[in-house]
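Here is a short walk through one protein chain. Take a moment with the structure, and then read along.

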Amino acid sequence: MAKTKGDIVWSDDGFETPKAPLLYCFRFPVGWYYYLPKEKYRICKSFHAKRENIELSAEFEIK
């Protein structure tokens, strides 16, 4: 786990629209929230739509 730069508070993710777009773009500025030494990392985010669970993940490396 990366060390945080302070308290982190997340607002709820709102994706409930009658006609959702076909593509979403997510940005997560990890450098604003965490001290990240040189290493490999993975970000995971879960979404729930009705009875379906969708988990997104992205891997990156800081050299």
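What follows goes from the overall fold to the hairpin, its side-chain contacts and a few pairs of residues that meet in space.

## Overall fold

Please keep in mind that this is a predicted model. The protein has 63 residues, and 6% of them count as buried. Its secondary structure amounts to 1 helix and 4 strands, and along the sequence these elements come in the order β-α-β-β-β. Strand β1 covers residues 3–4 and helix α1 covers residues 30–33, with a loop between them that holds I8. Further along the chain come strand β3, residues 39–49, and strand β4, residues 52–62.

## The β3–β4 hairpin

How do β3 and β4 pair, and over how many bridges? The two strands run antiparallel to each other, and 11 bridges join them. They make a hairpin that leaves 2 residues between the strands. In that turn sits K50, whose phi is positive, at about 55°.

Two partnerships help you find your way along this ladder. S46 has E55 of β4 as its bridge partner, while E39 stands opposite I62, again in β4.

## Side chains across the hairpin

Which residues form the salt bridge? R42 and E59 do, and their closest N and O atoms are 2.8 Å apart. The cut-off for such a contact is 4 Å between a side-chain nitrogen of Lys or Arg and a carboxyl oxygen of Asp or Glu, so this pair qualifies. The count by this rule comes to 1 salt bridge. Because R42 belongs to β3 and E59 to β4, the contact ties together parts that are 17 residues apart in sequence. R42 is exposed, at 56% relative accessible area, and E59 is exposed too, at 59%.

The aromatic side chains supply another link, and here the count is 1 aromatic pair. The ring centres of Y41 and F60 are 5.5 Å apart and the ring planes meet at 20°, so the pair counts as stacked. This pair also links distant parts of the chain, with Y41 in β3 and F60 in β4, 19 residues apart. Is Y41 buried or exposed? With a relative accessible area of 17%, Y41 is buried, because the cut-off for buried is under 20%. Its ring partner F60, at 26%, is partly exposed.

A charged side chain meets a ring as well: K45 lies over the face of F47, at 5.4 Å from the ring centre.

## A nonpolar patch on the surface

Which residues make the nonpolar surface patch? F26, I54 and L56 do, and the patch has an area of about 250 Å². Of these, L56 can be placed in strand β4. L56 is partly exposed, with 37% relative accessible area.

## Residues that meet in space

Some residues that are separated along the chain have C-alpha atoms a few ångströms apart in the model. The table sets out three such pairs.

| Pair | Separation in sequence | C-alpha to C-alpha distance |
|---|---|---|
| C44 and A58 | 14 residues | 6.7 Å |
| I8 and Y33 | 25 residues | 7.3 Å |
| I62 and L36 | 26 residues | 7.8 Å |

One member of each pair can be described a little further. C44 lies in strand β3 and is partly exposed, with a relative accessible area of 45%. I8, from the loop between β1 and α1, is also partly exposed, at 25%. I62 is placed in strand β4, where it stands opposite E39; its relative accessibility of 28% makes it partly exposed.

## Drawing it together

The hairpin of β3 and β4 is a good place to start when you turn the model. Its strands are paired by 11 bridges, and side chains connect them too: R42 with E59 through the salt bridge, and Y41 with F60 through stacked rings. Beyond the hairpin, I8 in the loop between β1 and α1 has its C-alpha atom 7.3 Å from that of Y33.

Key. Residues are numbered from 1 along each chain as its sequence is written. This is a predicted model: local features need pLDDT of at least 70, side-chain atom pairs count only at pLDDT 80 or more; totals for chains, interfaces and linings use all residues. Side-chain values use heavy atoms; hydrogens and water are left out. Patches are made of residues with over 30% relative accessible area and no salt bridge: like charges are joined within 9 Å, nonpolar side chains (Val, Leu, Ile, Met, Phe, Trp, Tyr) within 5 Å. Accessible areas come from the Shrake-Rupley method with a 1.4 Å probe; for residues, only the protein chains shown count as cover. Buried means under 20% relative accessible area, exposed over 50%, partly exposed in between (1.4 Å probe, protein chains only). Rings of Phe, Tyr and Trp (its six-membered ring) pair if their centres lie within 6.5 Å; planes under 30 degrees apart count as stacked, over 60 as edge-to-face and the rest as tilted. A charge sits over a ring if NZ of Lys or CZ of Arg is within 6 Å of the ring centre and within 35 degrees of the ring normal. Two strands pair if DSSP finds at least two bridges between them.
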